[in-house]
Amino acid sequence: MTHSPVPVNIADKLSQFSELWSQKKIADVNDYEVKLAKLKGEFVWHTHEDTDELFLVISGRLTLQLRDGDVVLGPGELFVVPRGVEHCPVADEETAILLLEPTGTLNTGDAGGPRSKAPEAL
C-alpha cells in the first residue's frame, strides 16, 4: 500500500500542544527524530556524550548556556551543540524549537532526574 506524500505543517503541530519542556516527535529521518518543543524558563545542565544536538528556533528566543559562553538564538537560527559539551537551555519568553537528535536520545542527557521524558508522537 502506498501513501500519498503529505507535508508536516510545523505551525499546525505547534498548535496541538501547550506543555513546556515536552518533546513531540513529528518525523523520522533515518535513525534520527525530528521533534518540537515549547520552552520557558531554565532547563538542567546536561551532556549528551554520544551525539550532537541540533536546536532550531521557530519563535521566541533561546539561550544555550555553555561553560565557555552563551549562544543566543532567534527565529530562523540554529546551533549544533557538539557531543560531550555541557549545556543548559534557557528561554525568558515562551520559545518554540525544532530538535534533531538520534532516536532514543534522552532530553536530560547524563543528568537524568524528574525532567527526563521520552518524546511523544504528535
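Biologist: Good to look at this one together! How far from a polar atom of the T95 side chain does the backbone oxygen of R61 lie?

Modeller: Happy to help, and bear in mind that this is a predicted model. T95 lies in strand β7, and R61 is among the residues that T95 contacts, neighbours within four places in sequence left aside. From the backbone oxygen of R61 to a polar atom of the T95 side chain, the distance is 2.9 Å.

Biologist: Is T95 buried or exposed?

Modeller: Leaving aside neighbours within four places in sequence, T95 is in contact with A37, K38, L39, V57, S59, G60, R61 and L62. Its relative accessibility is 1%. The cut-off for burial is under 20%, so with 1% T95 counts as buried.

Biologist: L39 is one of those contacts. Which residues, L39 among them, touch the most other members of the largest nonpolar core?

Modeller: That core has 15 residues. At least two of them come from each of β2 (32–42), β3 (53–59), β4 (62–66), β5 (69–73) and β7 (87–102). L39 itself touches L20, W21, L62, A91, E93, E94, T95 and I97, not counting residues up to four places away. The members that touch the most others are L39, F55, L62, L64, L73 and I97.

Biologist: How many residues make up the other core, the one with L14, V34, A96 and L98?

Modeller: This core lies apart from the one around L39. L14, V34, A96 and L98 are among its members, and their number is seven.

Biologist: Which two residues form the aromatic pair?

Modeller: The structure holds one such pair. Its rings are stacked, at 4.8 Å centre to centre and with 10° between the planes. One partner is in the loop between α1 (10–14) and β1 (24–29), the other in the loop between β2 and β3, 22 residues apart, so the pair links distant parts of the chain. Relative accessibilities of 11% for the first and 9% for the second mean that both are buried, and the two are W21 and F43.

Biologist: W21 sits in the loop between α1 and β1. What is its phi, roughly?

Modeller: W21 is not a glycine, yet its phi is positive. N30, in the loop between β1 and β2, also has a positive phi without being a glycine, at about 50°. For W21 the value is about 60°.

Biologist: And is N30 buried or exposed?

Modeller: The relative accessible area of N30 is 75%. Exposed means over 50%, so N30 is exposed.

Biologist: Which residue lies over the face of W45?

Modeller: Two charge-over-ring arrangements are worth a look here. In one, K38 lies over the face of F17, 4.9 Å from the ring centre. At W45 the distance to the ring centre is 3.7 Å, and the residue over its face is R67.

Biologist: Stepping back, how many helices and strands are in the chain?

Modeller: From the N terminus on, the elements run α-β-β-β-β-β-β-β-β. That gives one helix and eight strands.

Biologist: What share of the residues counts as buried?

Modeller: The accessible surface comes to about 6,800 Å², with 52% belonging to carbon and sulfur atoms. Among contacts with a separation of 6 or more, 65% join residues 24 or more positions apart. Of the 122 residues of the chain, the buried share is 41%.

How values were computed
Residues numbered from 1 in each chain as written. Predicted model: local features only at pLDDT ≥ 70, side-chain atom pairs only at ≥ 80, totals over all residues. Heavy atoms only, no water. Core = buried A, V, L, I, M, F, W, Y, C linked by side-chain atoms within 4.5 Å. Buried < 20%, exposed > 50% of the residue type's maximum accessible area, 1.4 Å probe, protein only. Helix = DSSP H or I, 4+ residues; strand = E, 2+ residues; numbered from the N terminus. Contact = heavy atoms within 4.5 Å. Phe/Tyr/Trp six-rings, centres within 6.5 Å; stacked < 30°, edge-to-face > 60°. Lys NZ or Arg CZ within 6 Å of the ring centre and 35° of its normal. Polar contact = N/O pair within 3.5 Å; in protein donor to acceptor, adjacent residues only side chain to side chain. Areas by Shrake-Rupley, 256 points an atom, 1.4 Å probe, with all protein chains shown as cover.
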